[in-house]
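Visitor: Please take me through this model, and tell me for each label what value and what cut-off stand behind it.

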Amino acid sequence: MRETSVPERLVVAEGVAIDYLDAAGHATTAVEQATFDVRRGETFVIIGPSGCGKTTLLKAIAGFLRPTRGTLLVEGQPAREPGPDRAVVFQDFDQLFAWRTVRDNVVYALRVARKMAASAARQKADAMLALVDITRAADKYPHELSGGMKQRAAIARALALEPTMLLMDEPFGALDAITRNQLQIELKNIHERTGVTIVLVTHSIQESIYLGDRVMVMSRHPARIREIVETGDQSDVESPRFAELTGKLRELLVHREEELDLPAEAII
């Protein structure tokens with residue numbers, strides 16, 4: 001993302017802390033003192049050790065969780081509940097309605113969330129399926145699709161809502177390496193074509209650099225921000241800058257030996 005002026009801050013978090021209560025009523029802090037922003041039109045990546053609170057932060061931005069302390073604003077308003085302006089794509093492949101075709105999954109979302117007429121929703125759905133290159137699977141049911149095709153369908157449904165933000169929680173984590181790489185390329189192309197703001201949670205250093213404009217590195221539980229690294233456009237994975245960023249993020253992630261619990265792909 002190349003900006004000559006000061007970019008608009010779509011998300012503003014100031015001193016955000018999020019606590020969970022256990023069965024005995026004792027509070028455990030998942031995220032502590034998180035201060036950051038997300039700029040309109042960028043891909044903002046959150047990376048950190050397993051269980052450090054990355055998904056917790058994403059859920060808070062989505063409106064599924066409320067901060068225990070601090071402020072979290074989306075377009076200047078507290079993120080108190082979910083809305084179609086923030087579409088979410090998860091890692092698992094069970095996001096689609098099993099009894100609806102791929103096209104009907106998208107149409108249903110448009111009819112419910114955007115109150116679109118059936119004909120307009122179908123036209124929009126077909127355009128989104130073409131955008132993610134799964135038109136050929138429009139009339140198939142989820143059980144007939146591969147994992148990669150299901151994720152494409154989930155992304156198409158999310159984009160059809162024309163959200164302000166696309167929130168993605170390890171969307172490619174369960175895919176094989178080749179399919180994951182294909183979808184990374186596709187997501188980068190979709191971002192360039194649509195300009196949608198993306199907040200992505202991942203374990204993969206290489207994925208974070210390739211897709212992200214900025215990468216926020218989190219510490220072990222309770223999550224604190226170690227550093228927000230400007231990456232810029234890093235399409236060439238063989239470039240010296242890509243290698244430099246890989247080393248920097250690896251160093252931040254494995255700052256202490258006891259935090260070395262990341263998946264293999266996160267530290268290669």
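Visitor: Why does Lys248 count as partly exposed?
Guide: Lys248 has 34% relative accessibility, and the class depends on where that value falls: buried means under 20% relative accessible area, exposed means over 50%, and partly exposed lies in between, with a 1.4 Å probe and protein chains only. Lys248 therefore counts as partly exposed, and Glu227, with a relative accessible area of 28%, is partly exposed as well.

Visitor: Before we go on, what kind of model is this?
Guide: It is a predicted model, in which local features need pLDDT of at least 70 and side-chain atom pairs count only at pLDDT 80 or more, while totals for chains, interfaces and linings use all residues. Residues are numbered from 1 along each chain as its sequence is written, and side-chain values use heavy atoms, with hydrogens and water left out.

Visitor: What makes the contact between Lys248 and Glu227 a salt bridge?
Guide: The term asks for a side-chain nitrogen of Lys or Arg within 4 Å of a carboxyl oxygen of Asp or Glu; the side chains of Lys248 and Glu227 meet at 3.1 Å, N to O, and so satisfy that rule. Lys248 lies in helix α7 (residues 240-253) and Glu227 in strand β10 (residues 225-230), so this pair ties together parts that are 21 residues apart in sequence. Salt bridges with shared partners also join Arg9, Asp37, Glu42 and Arg214 into one network.

Visitor: How do you know that Arg214 and Asp37 form a salt bridge, and which parts does the pair tie together?
Guide: Their side chains meet at 2.9 Å, N to O, which qualifies as a salt bridge. Arg214 belongs to strand β9 (residues 214-218) and Asp37 to strand β2 (residues 27-39), so the pair links parts that are 177 residues apart in sequence. Arg214, at 4% relative accessibility, counts as buried, and Asp37, at 14%, is also placed in the buried class.

Visitor: Are Asp85 and Arg86 buried or partly exposed?
Guide: Asp85, at 22% relative accessibility, counts as partly exposed, whereas Arg86, at 11%, counts as buried. The side chains of Asp85 and Arg86 meet in a salt bridge at 3.1 Å, N to O, and by this rule the count comes to 19 salt bridges.

Visitor: What makes the phi of Gln33 worth pointing out?
Guide: Most residues other than glycine have a negative phi. Gln33 is not a glycine, yet it has a positive phi of about 50 degrees; this residue lies in strand β2 and is exposed, with a relative accessible area of 57%. Glu162, also a residue other than glycine, has a positive phi near 50 degrees, sits in the loop between α4 (147-160) and β7 (165-169), and is exposed at a relative accessible area of 56%.

Visitor: Why is Lys188 called buried, and which residues does it touch?
Guide: Lys188 has 12% relative accessibility and therefore counts as buried; it lies in helix α5 (residues 177-194). Leaving aside residues up to four places away in sequence, Lys188 touches Tyr210, Leu211, Asp233 and Ser235, where contact means heavy atoms within 4.5 Å.

Visitor: Where does Asp176 lie, and is it buried or exposed?
Guide: Asp176 lies in the loop between β7 and α5 and falls between the two classes, being partly exposed with a relative accessible area of 43%.

Visitor: How do you know that the overall size of the chain agrees with a compact globule?
Guide: The globule rule is 2.2 Å times the number of residues to the power 0.38, with the radius of gyration taken over C-alpha atoms. For 268 residues a compact globule would have a radius near 18 Å, and the chain has 19 Å, which agrees. Residues 24 or more positions apart account for 68% of the contacts in the chain with a separation of 6 or more, and buried residues make up 50% of the 268 residues.

Visitor: What does the secondary structure come to, and how are its elements defined?
Guide: The chain has seven helices and 10 strands, where helices (H or I, at least four residues) and strands (E, at least two) are DSSP runs, numbered from the N terminus.
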